[in-house]
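Thanks for sharing this one. Here are a few notes to read alongside the model.

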Amino acid sequence: MEKMPYQPSLDTAVLPAAIDRPEPSAPDWRRDLPALRGAMVTLREMRIADAPALFAALTTEQVSRFISPPPSSVEGFERFIAWSQRQRAAGQYVCFAVVPHGSDVAIGLYQIRSLEPAFGTSEWGFALAEEFWGSGVFMDGAKLAATFAFEVLGVRRLEARAAVRNGRGIGALRKLGAVQEGLLRRSLLRHGEWLDQSLWTLLADEWHGGRDLWIAASVVH
Ligand SMILES: CC(C)(COP(=O)(O)OP(=O)(O)OC[C@H]1O[C@@H](n2cnc3c(N)ncnc32)[C@H](O)[C@@H]1OP(=O)(O)O)[C@@H](O)C(=O)NCCC(=O)NCCS
């Protein structure tokens, strides 16, 4: 997600943050994000304790080169995680940590942000620690996250913005079957330079990539 919805400068909450409690009739995911188990990884709610691992995984030059700047400190990640839990409870946004089987260390994330009421059109984004690139983890987690978006959140149209120079990110989107729709000229400011991005979409009625995997996968809670 190249426009990260979390803006540290606008976050005035005091840690530890009180999590907004959704009303009793709210969907389960607003109260408690389920853990989704794939072949290689589990996607689960981020925890404050994930902050050091996510800081180490996502702030390297290689990982952050084409995405909006991640928080610049462990404390910044703690604030981001607390903010994401409040946004989830408010029904605006969900963010899954990526945890390889046999470990409890978060190595990346998939985030989904509602661009209109009730997630109809949403934007997603993802990043993984570089040592997991090319390992198959991306597709495993992406199928879980996209299927959760379509089947549980009710997303109809899932958008991704990728810097045109981000060959790897675009390659990953292509593999998922995303369709390029347009060019967003000079839409991402990175290291003082305005970069062009392309818009890539998956539609609910075209999404078959994760269905088998979703049926086979267990929702852990
Ligand atoms: C985006 C990201 C999560 C994808 O994970 P990944 O493990 O690298 O993805 P994969 O290796 O499964 O898929 C990438 C594909 O792009 C291909 N690719 C790599 N470099 C490429 C390039 N310069 N041009 C075109 N395709 C390229 C790879 O060969 C691979 O395809 P293949 O499996 O058919 O060989 C990861 O690269 C990442 O965290 N990047 C930094 C964060 C980021 O840019 N996020 C925004 C993405 S829009």
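1. Starting with the overall make-up, the chain contains seven helices and eight strands. Please keep in mind that this is a predicted model.

2. On burial and contacts: 40% of the chain's 221 residues count as buried. Among contacts with a separation of 6 or more, 68% join residues 24 or more positions apart.

3. The largest nonpolar core is a good place to look next. It is made up of 56 residues, and Phe96, Val98, Leu109, Ala145 and Ala149 have the most contacts inside it. Helix H5, residues 137–153, gives the most to this core, contributing nine residues. As general background, nonpolar side chains in soluble globular proteins tend to be buried together.

4. Val98 deserves a closer view. Which residues is valine 98 in contact with, leaving aside its neighbours within four places in sequence? The list holds Val41 and Leu43, the run Ala106, Ile107, Gly108, Leu109 and Tyr110, and then Leu128, Val137 and Gly141. Leu109 is also one of the residues with the most contacts inside the core.

5. Now to the ligand, which is surrounded by 20 residues. Trp133, Phe138, Gly167, Gly169 and Gly171 are the closest. Two or more shell residues come from each of strand S5 (121–128), H5, strand S6 (157–163) and helix H6 (167–176). H6 supplies the largest share, with six residues. H5 thus appears in this shell and also gives the most to the largest nonpolar core.

6. For your work on the pocket chemistry, the residues of the shell around the ligand comprise 12 nonpolar, six polar and two charged.

Key. Residues numbered from 1 in each chain as written. Predicted model: local features only at pLDDT ≥ 70, side-chain atom pairs only at ≥ 80, totals over all residues. Helix = DSSP H or I, 4+ residues; strand = E, 2+ residues; numbered from the N terminus. Buried ≥ 20, exposed ≤ 12 C-beta atoms within 10 Å, placed from the backbone. Contact = placed C-beta atoms within 7 Å. Core = buried A, V, L, I, M, F, W, Y, C linked by C-beta atoms within 7 Å. Near = placed C-beta within 6 Å. Nonpolar A, V, L, I, M, F, W, Y, C, P; charged D, E, K, R; others polar.
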